[in-house]
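Dear colleague,

Please find below the structure that I am handing over to you. My notes on what was found in it follow directly after.

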Amino acid sequence: MIFYFTGTGNTRWVAQQLAKATGEGLLFIPDEMKKDVMRYELEDGERLGFCFPTHGWQPPRIVREFIRKAQFVKSHTDLTDHTEIRTNTDCTDYVYAVTTCGDNMGHAMRILNKELKQKGLHTNSVFAVLMPESNVCFSFLHLDTKEREREKIAAAQQTVAHICDVVSQRRKGVTELIRGAIPYTYTYVIGGYYNKHLITDEKFWVDSDQCIQCGLCARLCPVDDIEGLPPRWKHDGSCTNCLACYHHCPQHAIHWGRMKRGQYVFSL
């Protein structure tokens with residue numbers, strides 16, 4: 001069972017490769033969050049995977065909230081009387097996580113494992129995959145050139161193939177991360193500020209001269225935070241700042257703040 005979150009498509013592609021390699025189900029976290037009951041029964045031997053983009057050197061808030069609300073249980077049959085037994089502990093013997101990042105991911109996995117610990121879980125192997133940059137919210141971050149995008153994706157194909165092999169073999173103790181030179185500062189200082197102050201829809205705005213009112217941004221918003229034509233953000237605290245609306249706009253009519261930046265959407 002693989003749970004994933006994505007904005008520009010980087011992490012969806014990674015999760016899809018893992019699903020193909022393992023033959024296990026793929027579930028989109030925002031869709032799961034809309035359910036009244038989030039209870040997941042894992043079959044004997046089924047792996048539990050989490051795939052997410054690094055947001056400000058931390059796991060996205062929606063991923064952390066999902067883990068807190070979800071129940072992961074294992075279903076098996078008692079050999080003595082054939083009654084079905086469900087347990088909230090030891091739901092699987094193999095938990096792994098993969099994060100995508102444009103540069104590095106700091107201590108994002110440390111935070112993820114802190115959330116999993118509350119469920120009696122801990123990752124057996126963790127990975128980071130370098131992908132094209134999509135963050136346009138920091139003045140010191142810039143999108144990659146098209147040439148650099150192609151280079152990163154080509155390298156990522158090899159990295160993900162390797163991860164699929166490790167996960168398929170259930171290899172434990174594998175830690176292949178890109179923490180960066182100052183991971184604590186990235187995650188808890190800069191990332192702390194980012195996740196506290198910049199995970200908001202307050203800075204999105206629409207160029208009415210460019211907007212063609214196609215409604216694509218509202219359809220792609222994973223948390224249904226956009227309504228109306230031209231689009232309006234609800235300002236209800238649901239925004240994950242995944243930038244799906246910004247990057248997928250066919251006219252580049254959606255902007256974040258006053259910085260002029262390009263767009264990026266994953267494609268092979």
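**Contacts and local features**

Setting aside neighbours within four places in sequence, E149 is in contact with P132, D144 and Y264. The model is a predicted one, and I ask that the remarks below be read accordingly. E149 belongs to helix α5, which covers residues 146-168. With a relative accessible area of 10%, E149 is buried.

A second buried position is I111, whose relative accessibility is 8%. I111 sits in helix α4, residues 108-117. Once neighbours within four places in sequence are left aside, the contacts of I111 are Q58, P59, R64, T187 and Y188. For one of these pairs the separation was computed: I111 and Q58 stand 53 residues apart in sequence, yet their C-alpha atoms are 7.0 Å apart in space.

Turning to the overall fold, the secondary structure comprises 8 helices and 13 strands. The radius of gyration is 19 Å, which agrees with the value near 18 Å that a compact globule of 268 residues would have. Along the principal axes, the C-alpha atoms fill a box of roughly 70 × 40 × 35 Å. Of the 268 residues, 51% are buried. Among contacts with a separation of 6 or more, 74% are between residues 24 or more positions apart.

As to the surface, the protein exposes about 12900 Å², and carbon and sulfur atoms supply 48% of that area. There are 32 positive and 31 negative side chains. The centres of these two sets lie 5 Å apart.

How many disulfides does a search of the whole structure find? The search finds 0. For C91, the closest cysteine sulfur is that of C51, and at 16 Å it is too far for a bond. C245 is likewise in no disulfide, the nearest cysteine sulfur being that of C217 at 6.5 Å. A disulfide requires two cysteine sulfur atoms within 2.5 Å, so a separation of 6.5 Å does not qualify. C91 is buried, with a relative accessible area of 1%, and C245 is buried as well, with a relative accessible area of 8%.

The backbone geometry deserves a separate paragraph. Most residues other than glycine have a negative phi, and most peptide bonds are trans. Against that background, three places may be listed:

- L229 and P230 are joined by a cis peptide bond, with omega at about -5°. P230 is located in the loop between β11 (226-227) and β12 (232-233).
- Q213, a residue other than glycine, has a positive phi near 55°. Q213 lies in the loop between β10 (204-206) and α7 (216-220), and Q213 is partly exposed, with a relative accessible area of 41%.
- H235 is not a glycine either, and its phi is positive at about 55°. The loop that holds H235 runs between β12 and α8 (244-248). At a relative accessibility of 43%, H235 counts as partly exposed.

Yours sincerely

Note on methods. Residues are numbered from 1 along each chain as its sequence is written. This is a predicted model: local features need pLDDT of at least 70, side-chain atom pairs count only at pLDDT 80 or more; totals for chains, interfaces and linings use all residues. Side-chain values use heavy atoms; hydrogens and water are left out. Helices (H or I, at least four residues) and strands (E, at least two) are DSSP runs, numbered from the N terminus. The radius of gyration is taken over C-alpha atoms; the globule rule is 2.2 Å times the number of residues to the power 0.38. Buried means under 20% relative accessible area, exposed over 50%, partly exposed in between (1.4 Å probe, protein chains only). Contact means heavy atoms within 4.5 Å. Accessible areas come from the Shrake-Rupley method with a 1.4 Å probe; for residues, only the protein chains shown count as cover. Lys and Arg count as positive and Asp and Glu as negative; His and the chain ends are not counted. The place of a charge is taken as NZ of Lys, CZ of Arg, CG of Asp or CD of Glu.
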